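Me: Please give me a close look at one part of this structure, and then tell me what else is worth pointing at. I'd like to follow along on screen, with each term explained as it comes up.

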Amino acid sequence: MGIYIWIWTETGREAVAPLLVYYALRLLMFILSFVLEDWAIHDLVRPPRERRVALLLVASSYVTWTYQTHTFSNSIETLVVLWSLVMIQRILDNKTRSSLLSSAVLGTLVAFGTFNRITFPAFLLPSGVFLLPHVSRKPLSLLSLCSAGFITSLLAIVVDTAFYDASADSLSHLLRTRPVITPLNSLFYNTSTSNLSLHGLHPPYHHFVASLPLLLGPALFLLWYIRKLTLAILSALSATLLLSLIPHQEPRFLLPAVPLILSSVRLPHSRGLRRFWLATWILFNLGLGILMGVYHQGGVIRAQSWLGQQNLHDLGVNEVFWWRTYSPSVWLLGGKEVVTTDLMGMKADLMIKRVLDATGKCGDGTSKSVGLVAPFSSIELDGWTGHGHGSEHLLFEQVWKTTKHLNLDDMDFEEDGIRGTLVRVVGRRGLVIWKISRPCGDSKS
């Protein structure tokens with residue numbers, strides 16, 4: 001990014017446009033996935049014919065060219081899981097030496113992966129069991145692994161503490177402050193049901209009946225054609241089981257399982273069945289690629305970029321609430337001083353109360369306008385976007401809208417039925433920015 005910023009400043013402009021940074025990061029993730037993911041599969045799958053099939057399946061999966069080209073922590077986790085398995089395989093294959101370099105790299109990857117996402121260790125549980133006898137016989141390998149992991153963890157704690165504690169302006173200050181240990185904070189947060197309820201709670205079987213079918217589609221059928229129980233497939237299955245114990249479950253939590261499964265299966269022997277499967281595979285990935293790569297939460301970047309390009313003084317808004325969307329990237333505002341609050345999946349009545357409190361009161365001079373970014377499919381807002389509701393009147397002015405947005409996280413088939421859900425989510429697709437204010441001239445509230 002330093003080279004990119006230098007090139008941009010050479011054009012005579014003061015700052016890099018946030019959207020250009022965004023697309024540069026997308027390009028970087030594409031290159032990393034293209035190189036590191038394929039390289040890891042090349043190492044994990046040894047027979048040339050099976051390797052070609054594995055690379056083709058992974059490359060043609062919509063997960064690779066949508067999720068893996070984003071800077072999601074899950075996308076990074078996928079690469080770290082794959083290369084951790086590569087290092088473990090190299091250590092296990094070397095029966096005579098301690099594999100000090102591979103052990104050190106593995107220790108670094110394990111620490112980095114754990115600090116990146118607390119779910120990371122779930123993918124390495126089976127391979128860790130296979131690795132234990134090796135490191136117990138080779139203490140130098142264990143020492144190398146633990147030393148690299150400790151140093152990486154210490155560095156991560158220092159960086160996180162410096163980032164989250166603005167007052168820590170020196171190393172001595174950092175040593176005196178309470179350290180920020182991200183995996184522990186994440187663990188405490190995700191073991192609280194009240195916290196997870198803000199994001200949505202799911203039954204234990206959700207990953208098996210929803211997440212895996214959404215990520216793999218026809219490739220689920222290929223689980224009957226597993227070549228053999230490799231570290232890759234064992235890691236994928238064990239992680240799916242372990243992550244199913246967590247009440248909040250999203251398909252992206254299983255992203256690392258996709259290349260692990262696709263690199264462990266083979267195509268059907270029957271030519272007719274193979275052709276039929278390939279046809280369904282192509283159609284599935286084209287459809288899901290458009291749905292997940294363009295429409296699902298597709299308005300979040302567009303909305304934040306639009307806000308960053310506006311003169312917020314003229315717009316009259318310096319505080320924006322986001323509701324039922326992915327968390328917005330505040331750096332896309334380009335440094336503009338906008339208070340951004342992510343209300344996540346908060347209940348509608350609580351969301352309205354937060355907005356009411358933020359608009360102040362007309363009588364004491366605290367009245368102000370705020371912004372609300374919400375899916376157009378949120379029918380709970382229909383009663384407010386007209387002439388107010390109850391005794392507390394609010395004016396909703398639509399200042400921006402895109403139709404390239406689907407809020408698939410808000411689908412409720414049990415409450416609305418299949419037809420009602422599709423009519424609401426698809427028929428009313430879109431993301432809206434509302435300017436909300438109190439009509440002080442018409443109300444004494």
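Reply: Happy to! Buried means under 20% relative accessible area, exposed means over 50%, and partly exposed lies in between (1.4 Å probe, protein chains only). This is a predicted model, where local features need pLDDT of at least 70 and side-chain atom pairs count only at pLDDT 80 or more, while totals for chains, interfaces and linings use all residues. Residues are numbered from 1 along each chain as its sequence is written, and side-chain values use heavy atoms, with hydrogens and water left out.

Let's look at the strands. Helices (H or I, at least four residues) and strands (E, at least two) are DSSP runs, numbered from the N terminus. Please start at strand 1, residues 319–322. Strand 1 is covered on both faces: Glu-319 and Phe-321 are buried on one side, and Val-320 and Trp-322 are buried on the other.

Now for its partners; two strands pair if DSSP finds at least two bridges between them. Strand 1 runs parallel to strand 2 (residues 339–342), with 4 bridges between them. It is also parallel to strand 3 (residues 370–375), this time with 3 bridges. Val-320 is a handy residue to click on: it faces Thr-340 in strand 2, and in strand 3 its bridge partner is Gly-371.

On strand 2, pick out Thr-341. Thr-341 counts as buried because its relative accessibility is 16%. Contact here means heavy atoms within 4.5 Å. If you set aside neighbours within four places in sequence, Thr-341 touches Glu-319, Val-320, Phe-321 and Trp-322, as well as Arg-354. As a long-range reference, the C-alpha atoms of Thr-341 and Ile-88 are 42 Å apart in space, and these residues are separated by 253 residues in sequence.

The loop between strand 1 and strand 2 holds Arg-324. Although Arg-324 is not a glycine, it has a positive phi of about 55°. Arg-324 is buried because its relative accessibility is 16%.

Strand 3 comes next. It is largely enclosed by the rest of the structure, because 6 of its 6 residues are buried. Val-370, Leu-372 and Ala-374 point one way from strand 3, whereas Gly-371, Val-373 and Pro-375 point the other way. Strand 3 also pairs with strand 5 (residues 431–437), here in the antiparallel sense and over 6 bridges. In that pairing, Leu-372 stands opposite Trp-434.

Salt bridges give you further places to look. A salt bridge is a side-chain nitrogen of Lys or Arg within 4 Å of a carboxyl oxygen of Asp or Glu, and the count by this rule comes to 9. One of them joins Arg-428 and Asp-382, whose closest N and O atoms are 2.9 Å apart. Arg-428 is in the loop between helix 19 (413–425) and strand 5, and Asp-382 is in the loop between strand 3 and strand 4 (395–402), so the pair ties together parts that are 46 residues apart in sequence. Asp-382 is partly exposed, with a relative accessible area of 38%.

Another salt bridge links Asp-357 with Lys-353, at 3.2 Å from N to O. Both residues belong to helix 18 (residues 348–358), 4 residues apart, about one turn of the helix. An α-helix has 3.6 residues a turn, so residues three or four places apart point the same way. Lys-353 is partly exposed, at a relative accessible area of 49%.

Finally, please swing over to helix 6, residues 100–116. The expected span of a helix is 1.5 Å times one less than its number of residues. Helix 6 has 17 residues and reaches 24 Å from first C-alpha to last, close to the expected 24 Å. Its buried residues include Ser-102, Ser-103, Leu-106, Gly-107 and Leu-109, and further along Ala-111, Gly-113, Thr-114 and Phe-115. Among the elements that cover them are helix 5, helix 7, helix 8 (139–164) and helix 10 (182–190).
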